[in-house]
Protein chains: 2
Amino acid sequence: MAFPGYGAGPGGFPGMQQDPLYGYFSAVAGQDGQISADELQRCLTQSGISGSYQPFSLETCRLMINMLDRDLSCTMGFNEFKDLWQALNGWRGTFASFDRDQSGTIDGHELQQAINSMGYNLSPQAMNCIMKRYSLNGRIPFDEFVSCAVRLRALTDHFRRRDTTQTGNASFQYDDFIQVTMSI
Amino acid sequence: MAFPGYGAGPGGFPGMQQDPLYGYFSAVAGQDGQISADELQRCLTQSGISGSYQPFSLETCRLMINMLDRDLSCTMGFNEFKDLWQALNGWRGTFASFDRDQSGTIDGHELQQAINSMGYNLSPQAMNCIMKRYSLNGRIPFDEFVSCAVRLRALTDHFRRRDTTQTGNASFQYDDFIQVTMSI
């Protein structure tokens, strides 16, 4: 029974049941309305968001949850899931535009172009570090590209919040530095 | 043919051939005297350094190489390999002392004790971030523990070099911050 004027009844917020994404989410979320890394992996695989690319590794799914885990619960609610979905769609589009031969991988030079196209302004040295970290035999698969994008976005957000004068320089206490860098 | 008084002949430095570790290293290193992440994985598996624990993942092997990759070659020479071997032996000893039931995993509380025993002085918040990042269903296998130890050591080294006044506070330019944090 619905309660007109009071939004959705128990078990959801207004609009949730209508959102097609909610189907993927609720199929794995269970009663607590939260998903953990292995549930996220199942959910993303079932949704087909990777398209023809390999499904996401558990490691990448853990990174995704940690990036958005505002309440430090190690799980993800539906609103965080929607944010992630939107980011993933963007990254898939970026990746596909550089994976011209549809091999499921891009090379180091294309990774640099992809990072530039996402608005990051990095030196050749920083690009080189990233390329070496994420490529294997010179190629970067979609899953690794997403890992890279997740970490770059989260680290940049953390940095920006500490760059109080917006001059590209930030100060960290050691403990804070470890929290920021070891959590993703 | 050896050349007395001139150390080792071509293909090695003095003492290399006598070092038992050199056997593991040279079996995979090939002619260039360097090993890549997949060769390191093979080398460490064959050497049995993990003991009864699961062999290291390729991801962990890449982290290990990046931690010690002073010349940014993405490969590891014999001297870097010896440094790594020493560190790995220490971490295995630390892990084993907390894995009392020899299950091959430790719990989050034991991870915190292990990190303390390695001399790190971290807040409960930082410990919590690390625990959440490296545990799956509350347990941390040896391979993940080594990943954690590798990153914690490398990040702490990078921080210390920038903490010029040794007051636990360091300043980063954005590009430098990305190089430090995205390379491992």
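## A tour of the contact between chains A and B

Start with strand S3 of chain B, whose side chains alternate along its length: Ala170(B) and Phe172(B) point to one face and are buried, while Asn169(B), Ser171(B) and Gln173(B) point to the other face and are not buried. Keep in mind throughout that this is a predicted model.

**Stop 1: the strand pair.** Now add S3(A), residues 169–173 of chain A. S3(A) and S3(B), which covers residues 169–173 of chain B, pair in the antiparallel sense over five bridges. Two positions can be used to follow the register. Ala170(A) stands opposite Phe172(B), and Gln173(A) stands opposite Asn169(B).

**Stop 2: the whole interface.** Select the residues of each chain that touch the other; you should get 44 residues from chain A and 44 residues from chain B. The two chains bury about 4200 Å² between them, and 57% of that is on carbon and sulfur atoms. Within chain A, pick Arg133(A), Tyr174(A) and Met182(A): these lose the most area to chain B, together 19% of what the chain A side buries.

Next, look for polar atoms across the interface. There are 20 residue pairs in polar contact between chain A and chain B, both residues being at pLDDT 80 or more. Color chain A by element: those that give two or more residues to the side touching chain B are H3 (58–68), H6 (124–134), H7 (142–162), S3 (169–173) and H8 (174–182). Of these, H8(A) gives the most, with eight residues. Colored by class instead, the chain A side shows 23 nonpolar, 14 polar and seven charged residues.

The salt bridges between chain A and chain B number four. One to display is Arg62(A) with Glu144(B), where the closest N and O atoms are 3.6 Å apart.

**Stop 3: helix H3 of chain A.** Stay with Arg62(A), which is one of the buried residues of H3(A). Nine of the eleven residues of this helix are buried, so H3(A) is largely enclosed by the rest of the structure. Select the buried set: Thr60(A), Cys61(A), Arg62(A), Leu63(A), Met64(A), Ile65(A), Asn66(A), Met67(A) and Leu68(A). Then show what they pack against, which comes from both chains: helix H2 (37–47), helix H4 (78–98) and H7 of chain A, together with helix H6 (124–134) and H7 of chain B.

**Stop 4: the loop after H3.** Move on to Thr75(A), in the loop between H3 and H4 of chain A. Is Thr75(A) buried or exposed? Its relative accessibility is 18%, so Thr75(A) counts as buried, the cut-off for buried being under 20%. The side chain of Thr75(A) makes a polar contact with the side chain of Gln34(A), at 2.6 Å. Leaving out residues up to four places away in sequence, Thr75(A) touches Gln34(A), Ile35(A), Ser36(A), Ile65(A), Asp69(A) and Glu80(A).

**Stop 5: a residue of H7 in chain B.** Finally, select Asp157(B), found in helix H7 (residues 142–162) of chain B. Asp157(B) is partly exposed, with a relative accessible area of 29%. For a distance check, draw a line from the C-alpha of Asp157(B) to that of Leu63(B): the two residues are 94 apart in sequence and 15 Å apart in space.

Definitions and conventions: Residues are numbered from 1 along each chain as its sequence is written. Chains are lettered from A and ligands numbered from 1 in the order in which they are written. This is a predicted model: local features need pLDDT of at least 70, side-chain atom pairs count only at pLDDT 80 or more; totals for chains, interfaces and linings use all residues. Side-chain values use heavy atoms; hydrogens and water are left out. Contact means heavy atoms within 4.5 Å. Buried area is the accessible area (1.4 Å probe) that two parts lose on being put together, summed over both. A salt bridge is a side-chain nitrogen of Lys or Arg within 4 Å of a carboxyl oxygen of Asp or Glu. A polar contact is a pair of N or O atoms within 3.5 Å; within protein, one must be able to donate a hydrogen and the other to accept it, and residues adjacent in sequence count only if both atoms are side-chain atoms. Helices (H or I, at least four residues) and strands (E, at least two) are DSSP runs, numbered from the N terminus. Ala, Val, Leu, Ile, Met, Phe, Trp, Tyr, Cys and Pro count as nonpolar, Asp, Glu, Lys and Arg as charged, and the others, Gly among them, as polar. Two strands pair if DSSP finds at least two bridges between them. Buried means under 20% relative accessible area, exposed over 50%, partly exposed in between (1.4 Å probe, protein chains only).
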